[in-house]
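Q: Could you take a close look at one part of this model for me? I'd like a connected walk through a single helix and what surrounds it.

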Amino acid sequence: MEIKIQIPDYKAECGITYIWEDNFEIQTKVENGEIIIQANKDGLISLANHFLNLAQDGVPNGHHMHFDEFNSLEKGSKELIIIKK
């Protein structure tokens, strides 16, 4: 299987451009001290895009992406913050 993902060039003045697959679903929770990310196929592809987007050389260390139930995650999800180190 081959999936092609378009990664928009990072521009400091605009920040990261997110590309979401149609019908994505992503839910996060913490159980017994473990972080669980549950997603459908479109959600997993969207997350892969976001991780590759954040990994670009031009994105400065410390830059982060922040998702919650009011911003892209399913209702009841725990906040998900991904930071470039």
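A: Here is a tour of the helix, then the strands beside it, and then two spots elsewhere in the chain. Keep in mind that this is a predicted model.

Let's start with α1, which runs over residues 41-54 and so has 14 residues by the helix assignment. From its first C-alpha to its last it reaches 20 Å, close to the 20 Å expected at 1.5 Å a residue. Quite a few of its residues are tucked away: G43, I45, S46, L47, N49, H50, N53 and L54 are buried. What do they pack against? The buried residues of α1 have β1, β2, β3 (64-67) and β4 (80-83) as their packing partners.

Two of those strands deserve a look together. β1 covers 26-31, and β2 covers residues 34-39. The two pair in the antiparallel sense, with six bridges between them. If you want to check the register, K29 has I36 in β2 as its bridge partner, while V30 stands opposite I35 of β2. Together β1 and β2 make a hairpin with two residues between them. In that turn, N32 has a positive phi of about 55°.

Back to the helix end for a moment. L54, one of the buried residues of α1, also turns up among the contacts of K84. K84 sits in the segment after β4. Is this lysine buried or exposed? K84 counts as buried because its relative accessible area is 16%, and the cut-off for buried is under 20%. Setting aside neighbours within four places in sequence, K84 touches L54, A55, Q56, D57, V59, P60, N61, G62 and H63. S72 is another story: it lies twelve residues from K84 along the chain, and their C-alpha atoms are separated by 20 Å.

α1 also has a residue on the surface side of things. L52 joins M1, I3 and I5 in a nonpolar surface patch of about 430 Å². Of these, I5 belongs to the segment before β1. With 31% relative accessibility, I5 counts as partly exposed.

Technical notes. Residues numbered from 1 in each chain as written. Predicted model: local features only at pLDDT ≥ 70, side-chain atom pairs only at ≥ 80, totals over all residues. Heavy atoms only, no water. Patch = residues over 30% accessible without salt bridge, like charges linked within 9 Å, V, L, I, M, F, W, Y side chains within 5 Å. Areas by Shrake-Rupley, 256 points an atom, 1.4 Å probe, with all protein chains shown as cover. Salt bridge = Lys/Arg side-chain N within 4 Å of Asp/Glu carboxyl O. Helix = DSSP H or I, 4+ residues; strand = E, 2+ residues; numbered from the N terminus. Buried < 20%, exposed > 50% of the residue type's maximum accessible area, 1.4 Å probe, protein only. Pairing = 2+ DSSP bridges. Expected span 1.5 Å × (residues − 1). Contact = heavy atoms within 4.5 Å.
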